[in-house]
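Reader: I'd like to learn how to read aromatic pairs and pockets in a model. Could you walk me through one?
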Amino acid sequence: VGSADVFNMQSGLYRGAFGGEERAHNAAVCGVDTDAVSRRAVTAAVDGSIKFWAFRSRRLLQSLDLEAKITRIFLHRDSGLLGVVLADHSVRLVDMDMYR
């Protein structure tokens, strides 16, 4: 629960995990996505936490905590906007460049 591992899509080899030795989140991960050029990744957990990562180094760039549980995320790669669907039936938009 809470881990987000990285694998090579062609070879299937394990490449590491977001968060290193620790888990990426303290709750179940409900969404993972990357930007158009795989420089940054975003993970979301059901507890309302969103974390932004440097994809290659898997280093945490920023984290954001929302007021409600997250059920799903959608990243619009052309605009860099992350749509976040919350359990209270609301939708939040998060700018991937500004982390808010």
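Author: Gladly; we will take the aromatic rings and then the largest pocket. Keep in mind that this is a predicted model.

Reader: How many aromatic pairs are there?

Author: Rings pair if their centres lie within 6.5 Å. By this rule there are four aromatic pairs. One of them joins Phe7 and Tyr14, with 5.4 Å centre to centre and 70° between the planes, which makes the pair edge-to-face.

Reader: Are Phe7 and Tyr14 buried or exposed?

Author: Buried means under 20% relative accessible area and exposed means over 50%, with partly exposed in between. Phe7 has 47%, so Phe7 is partly exposed. Tyr14, at 48%, is also partly exposed.

Reader: What about the rings of Phe52 and Tyr99?

Author: Their planes meet at 55° and their centres are 4.8 Å apart, so this pair is tilted. Phe52 sits in strand S5 (residues 49-54) and Tyr99 in the segment after strand S9 (91-95), so the pair ties together parts 47 residues apart in sequence. Phe52 counts as buried because its relative accessibility is 1%.

Reader: Which residues form an aromatic cluster?

Author: Phe18, Trp53 and Phe55 form one. Phe18 and Phe55 also help line the largest pocket.

Reader: Which residues line that pocket, then?

Author: The lining consists of Asp5, Val6, Phe7, Met9, Phe18, Val32, Thr34 and Phe55, around a volume of about 150 Å³. By type, six are nonpolar, one is polar and one is charged.

Reader: Which strand gives the most to the lining?

Author: S1 does, with three residues. Strands S1 (5-7) and S3 (29-34) each supply at least two.

Definitions and conventions:
Residues numbered from 1 in each chain as written. Predicted model: local features only at pLDDT ≥ 70, side-chain atom pairs only at ≥ 80, totals over all residues. Heavy atoms only, no water. Phe/Tyr/Trp six-rings, centres within 6.5 Å; stacked < 30°, edge-to-face > 60°. Buried < 20%, exposed > 50% of the residue type's maximum accessible area, 1.4 Å probe, protein only. Helix = DSSP H or I, 4+ residues; strand = E, 2+ residues; numbered from the N terminus. 1 Å grid on protein atoms, 1.4 Å probe; cavity = no way out; pocket = protein on both sides within 12 Å on 5 of 7 lines; lining within 4 Å. Points joined across faces, edges and corners; volume = space filled by probe spheres on them. Nonpolar A, V, L, I, M, F, W, Y, C, P; charged D, E, K, R; others polar.
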